[in-house]
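User: I have a structure open and want to learn how to read it. Can we go through some features one by one?

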Amino acid sequence: MISEQEVSLLLNDVLERYGYDFTEYAPASINRRVNHLFQVDRFPSFAEYRYRIISDPAYALRFVEEITVNVTEMFRDPSFYQALRTHVLPVLATYPFIRIWHAGCATGEEVYSFAILLKEAKLLHKAVIYATDINASVLEKGRKGIFRLSQMQQYSRNYMESGGREDFSSYYTANYEYAKFREDLGEKIIFSPHNLVTDGSFNEFQLIICRNVLIYFNKKLQDRVLNLFSDSLEQLGFLALGSKETLNFTSVTRKFKQLENREKIWRKVQL
């Protein structure tokens with residue numbers, strides 16, 4: 001096991017050497033993942049682990065990928081997507097052009113889910129989704145739009161529960177063990193690296209989706225990211241977070257009004 005002090009040393013090394021800042025991540029979560037990699041790759045000592053990360057950029061990338069969380073699925077929490085269909089899409093329909101930012105998108109399953117929602121609402125033609133993540137290799141997977149066929153049964157169930165009325169299999173082509181999603185969905189998604197910890201705003205959006213990312217940040221970093229989102233939203237734009245995340249008791253609380261208590265969707269108010 002590596003001590004908290006040693007983990008802190010490693011995170012500072014990664015920041016100074018490669019520019020990835022994990023120093024404000026929630027300690028329990030980051031300690032667990034750093035220790036997991038140390039054990040999986042069977043380093044005999046902390047010194048050798050540290051040397052490998054500092055001296056080998058390819059291994060440092062593996063380190064970054066292991067400690068960033070990439071758990072996702074299509075139409076995860078179907079009631080959330082039901083709320084987007086009911087409360088958010090009708091408002092987005094009133095705009096001549098729709099800009100959406102999906103931050104911390106991982107391998108892109110939830111981005112394609114939202115593209116399907118836009119398609120069914122006949123809004124995809126006038127929309128663009130910016131899908132960003134700190135992790136370049138997961139972005140590459142998302143860009144390809146290819147996911148495991150074994151997951152499609154679960155995704156289809158999620159889709160139906162979210163209010164989907166089409167045949168879910170019409171959105172992809174099955175090929176051996178994989179499902180490739182339709183080109184007309186992927187054409188409206190721009191996958192791009194963005195680090196929520198260090199990078200700034202890059203557009204004005206009507207909707208920002210960032211689900212189950214803030215739970216890994218400490219309070220200070222959460223406030224920084226929430227202010228970034230607030231600055232990146234148009235007046236009356238929407239912010240959607242994960243089921244265990246909230247704007248209550250944060251530095252942006254008064255700038256937003258929650259749509260309905262059950263789902264974590266807020267609207268930016270005019271102050």
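User: How many of the nine residues of S8 are buried?

Analyst: This is a predicted model. Buried means under 20% relative accessible area. In strand S8 (233-241), seven of the nine residues are buried, and the strand is mostly covered.

User: Which helix lies across S8?

Analyst: Helix H10 (residues 219-232) does, running at about 140 degrees to S8. H10 also lies across S1, S7, S9 and strand S10 (263-268).

User: In what sense do S7 and S8 pair?

Analyst: S7 and S8 pair in the parallel sense, over five bridges. To find the register, look for facing residues. Ile208 stands opposite Leu239 in S8.

User: What is the strand order of the open sheet?

Analyst: Read across the sheet, not along the chain. The order of the seven strands is S6-S2-S1-S7-S8-S10-S9, and the pairing is mixed.

User: Which strands stand at the edges?

Analyst: Strand S6 (189-193) and strand S9 (256-260) do. Each has a single partner strand, so one side of each lacks a neighbour in the sheet. Neighbouring strands here are turned by 20 degrees against each other on average, direction ignored.

User: How many bridges join S1 to S2?

Analyst: Six bridges join strand S1 (residues 98-103) to strand S2 (residues 127-133), and the two run parallel. Ile100 stands opposite Ile129 in S2.

User: Where does H6 lie?

Analyst: H6 lies across S1, S2, S6 and strand S7 (205-210), at about 170 degrees to S2. Now check its length. At 1.5 Å a residue, the 12 residues of helix H6 (residues 109-120) should span 16 Å. The end C-alpha atoms are 17 Å apart, which agrees.

User: Is H6 enclosed or open?

Analyst: H6 is largely enclosed by the rest of the structure, because 10 of its 12 residues are buried. Among them are Val111, Tyr112, Phe114 and Leu118. After H6 comes Lys122, whose phi is positive, near 60 degrees.

User: Why do residues three or four places apart in an α-helix point the same way?

Analyst: An α-helix has 3.6 residues a turn, so such residues share a direction. Take helix H4 (residues 57-67): Tyr59, Ala60, Phe63, Val64 and Ile67 are buried. Seen down the axis of H4, these buried residues fall within an arc of 150 degrees, so they line one face of the helix.

User: What covers the buried residues of H4?

Analyst: The cover includes helix H1 (4-18), helix H2 (27-40) and helix H3 (46-55). Look at the start of H4 too. There, a side-chain oxygen of Asp56 reaches to within 3.1 Å of the backbone nitrogen of Ala58.

Key: Residues are numbered from 1 along each chain as its sequence is written. This is a predicted model: local features need pLDDT of at least 70, side-chain atom pairs count only at pLDDT 80 or more; totals for chains, interfaces and linings use all residues. Side-chain values use heavy atoms; hydrogens and water are left out. Helices (H or I, at least four residues) and strands (E, at least two) are DSSP runs, numbered from the N terminus. The expected span of a helix is 1.5 Å times one less than its number of residues. Buried means under 20% relative accessible area, exposed over 50%, partly exposed in between (1.4 Å probe, protein chains only). The arc is that of the directions from the helix axis to the C-beta atoms. Contact means heavy atoms within 4.5 Å. A polar contact is a pair of N or O atoms within 3.5 Å; within protein, one must be able to donate a hydrogen and the other to accept it, and residues adjacent in sequence count only if both atoms are side-chain atoms. Two strands pair if DSSP finds at least two bridges between them. Axes are lines fitted to C-alpha atoms, for helices over the stretch in contact, and angles run from 0 to 180 degrees between N-to-C directions.
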